[in-house]
Amino acid sequence: MADGYQNRFILIPFDDLADGCSVLIRNPKLLPPDKLEAVSAASESSDPGAARQAMNSVMADVIVAWHNVYPADEDLADIDLDNPGDLAALMETLESRSQEPLGRPTVDTVARLPLTITNRVAEEFKKITTPQ
C-alpha cells in the first residue's frame, strides 16, 4: 500500500447513462479548506450565473477523469425541427446518432455535463458538509 491518506479518490459509476460511464473524483473529505469554501460560497451566491461558474470551477478541480461521458447540450442544428411530423421516428433518428465524448475535465466541459452527473458529484460534497 502507498503512503498517504486512504480513499483519496472516489469512482462513481453511471451505468444507467452509458455502458462503462463513470467519473473519478478526488475525495472531498481530503480537499483543502479553500475548495470547500468555494463550494459553500457558490451555493450561497445570489447570482445564479456566478454560482454556477464557481461550482464548475471547483468541479473541474475535483473531477480527475471520466469515461464514456458525453455533453448534455447536443447540437441539433442539422435536424429540421420546424415540422417534425412523427415524433417517435424523430426520436429514433436522434437516438441513432453518435455523440462525441467530452474531452478532459475543464471548466468548459464540466459546464456541459448532464445534470445527473453534476448532482451526484455534488452529493459527495454534501456528505461532508451535512451533519450526520
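These legends accompany close-up views of a predicted model.

**View 1. The nonpolar core.** The largest nonpolar core holds 25 residues. Val 23, Ile 25, Ile 63, Trp 66, Val 69 and Leu 113 have the most contacts inside this core. At least two core residues come from each of these elements: strands E1 (9-13), E2 (22-26) and E3 (63-67), and helices H1 (33-44), H2 (48-62) and H5 (115-129). H2 gives the largest share, 5 residues.

**View 2. Surroundings of Ile 25.** Ile 25 is one of the residues with the most contacts inside the largest nonpolar core. Leaving aside neighbours within four places in sequence, its contacts include Arg 8, Phe 9, Ile 10 and Ile 12. Ile 25 is also in contact with Val 62, Ile 63 and Val 64. Val 121 and Glu 124 complete the list. Of these partners, Ile 63 also appears among the core residues with the most contacts.

**View 3. Packing of H1 on H2.** Two packed helices are described by the angle between their axes and the distance between the axes. Here the axes of H1 and H2 come within 8 Å and cross at roughly 155 degrees. Angles over 145 degrees count as roughly antiparallel, and H1 and H2 are therefore roughly antiparallel to each other. Their crossing is left-handed. From H1, the contact is made by Lys 35, Ala 38, Val 39 and Ala 42. From H2, Ala 51, Ala 54, Met 55, Val 58 and Asp 61 take part. An α-helix has 3.6 residues a turn, so residues three or four places apart point the same way.

**View 4. Thr 109 and its polar contacts.** Thr 109 lies in helix H4 (residues 107-110). Is this threonine, Thr 109, buried or exposed? Its relative accessibility is 12%, so Thr 109 counts as buried; the cut-off for buried is under 20%. The side chain of Thr 109 reaches the backbone oxygen of Arg 104 at 2.9 Å. A polar atom of the same Thr 109 side chain lies 2.8 Å from the backbone nitrogen of Thr 106. Not counting residues up to four places away in sequence, Thr 109 touches Trp 66, Leu 102, Gly 103 and Arg 104. Arg 104 is thus both a touching residue and the owner of that backbone oxygen. Trp 66 is also one of the residues with the most contacts inside the largest nonpolar core.

**View 5. The start of helix H3.** Helix H3 spans residues 87-96. Of its 10 residues, the number buried is 1, so H3 lies largely in the open. At its start, a side-chain oxygen of Asp 86 comes to within 3.1 Å of the backbone nitrogen of Ala 88.

**View 6. Two asparagines with positive phi.** Asn 7 sits in the segment before E1. Its phi is near 55 degrees, a positive value in a residue other than glycine. Asn 7 has 57% relative accessibility and counts as exposed. Asn 68 belongs to the loop between E3 and H3. Asn 68 is not a glycine either, yet has a positive phi of about 55 degrees. Its relative accessible area is 24%, so Asn 68 is partly exposed.

**View 7. Asp 16 in its loop.** Asp 16 is found in the loop between E1 and E2. With a relative accessible area of 64%, Asp 16 is exposed. The C-alpha atoms of Asp 16 and Leu 115 are separated by 13 Å. Along the chain, Asp 16 and Leu 115 are 99 residues apart.

Definitions and conventions. Residues are numbered from 1 along each chain as its sequence is written. This is a predicted model: local features need pLDDT of at least 70, side-chain atom pairs count only at pLDDT 80 or more; totals for chains, interfaces and linings use all residues. Side-chain values use heavy atoms; hydrogens and water are left out. Helices (H or I, at least four residues) and strands (E, at least two) are DSSP runs, numbered from the N terminus. Buried means under 20% relative accessible area, exposed over 50%, partly exposed in between (1.4 Å probe, protein chains only). A polar contact is a pair of N or O atoms within 3.5 Å; within protein, one must be able to donate a hydrogen and the other to accept it, and residues adjacent in sequence count only if both atoms are side-chain atoms. Contact means heavy atoms within 4.5 Å. A nonpolar core is a set of buried Ala, Val, Leu, Ile, Met, Phe, Trp, Tyr and Cys residues joined through side-chain atoms within 4.5 Å. Axes are lines fitted to C-alpha atoms, for helices over the stretch in contact, and angles run from 0 to 180 degrees between N-to-C directions. Angles under 35 degrees count as roughly parallel, over 145 as roughly antiparallel, 65 to 115 as roughly perpendicular and the rest as oblique. A crossing is left-handed if the near helix is turned anticlockwise from the far one by less than a right angle, and right-handed if clockwise.
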